[in-house]
Amino acid sequence: MTTVLLDSGPLGLVTNPSGSSQAFECNQWLKFLISSGYRVFVPEIADYEVRRELLRANKIRGIERLDNLIDQIGYTPITREVMLKAAEFWANARKQGQPTANNQSLDADVILAAQAFMISSHGEDAVIATTNVRHLTRFVPAKLWHEIT
């Protein structure tokens with residue numbers, strides 16, 4: 001069974017009621033994944049990224065939708081083990097001259113990659129569904145959300 005972790009791009013789309021064709025497509029995609037037996041989770045770092053913007057914009061209904069989605073599909077918390085791996089990814093990327101964010105940044109990409117890595121290290125297939133694979137695929141499997149079928 002494959003575990004799919006939603007990056008902030010698709011997470012924002014599936015919790016956005018804008019009615020855009022892309023938001024509708026992403027919601028249909030998520031329903032398909034769940035009905036096909038994929039395990040889909042909201043990573044804590046993606047929740048943080050989406051939630052902080054909803055709070056800034058005072059979008060109470062968006063926060064409710066995000067909370068409801070988490071209640072429905074589940075949540076992967078950030079653990080010490082995840083943060084140790086994220087620090088390793090961060091340091092190695094800089095040693096190779098290929099950082100994924102500036103040096104003062106929290107660097108959500110390496111934290112998300114570490115969450116997927118830890119799932120994989122426990123013998124499960126894991127992939128990150130994203131709108132930007134460039135930084136993530138250096139560490140773990142990641143695909144554009146609509147390519148995961």
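**Reading helix α2**

Colleague: What covers the buried residues of α2?

Modeller: The cover includes β1 (2–6), α1 (8–14), β2 (39–43), α4 (60–73) and β4. Here contact means heavy atoms within 4.5 Å. Helices (H or I, at least four residues) and strands (E, at least two) are DSSP runs, numbered from the N terminus.

This is a predicted model, where local features need pLDDT of at least 70 and side-chain atom pairs count only at pLDDT 80 or more, while totals for chains, interfaces and linings use all residues. Residues are numbered from 1 along each chain as its sequence is written, and side-chain values use heavy atoms, leaving out hydrogens and water.

Colleague: Which residues of α2 are buried?

Modeller: First, the terms: buried means under 20% relative accessible area, exposed over 50%, and partly exposed in between (1.4 Å probe, protein chains only). In α2, the buried ones are Ala23, Cys26, Trp29, Leu30 and Leu33.

Colleague: Why are they on the same side of α2?

Modeller: An α-helix has 3.6 residues a turn, so residues three or four places apart point the same way. In this case the buried residues cover an arc of only 120° around the axis, which puts them on the same side of α2. The arc is that of the directions from the helix axis to the C-beta atoms. On the other side, Ser21, Phe24, Lys31 and Ser35 are exposed.

Colleague: And what follows α2?

Modeller: Gly37 does, with a positive phi near 95°.

Colleague: Where is Val133?

Modeller: Look in the loop between β4 (125–130) and β5 (142–144). Val133 counts as partly exposed because its relative accessibility is 26%.
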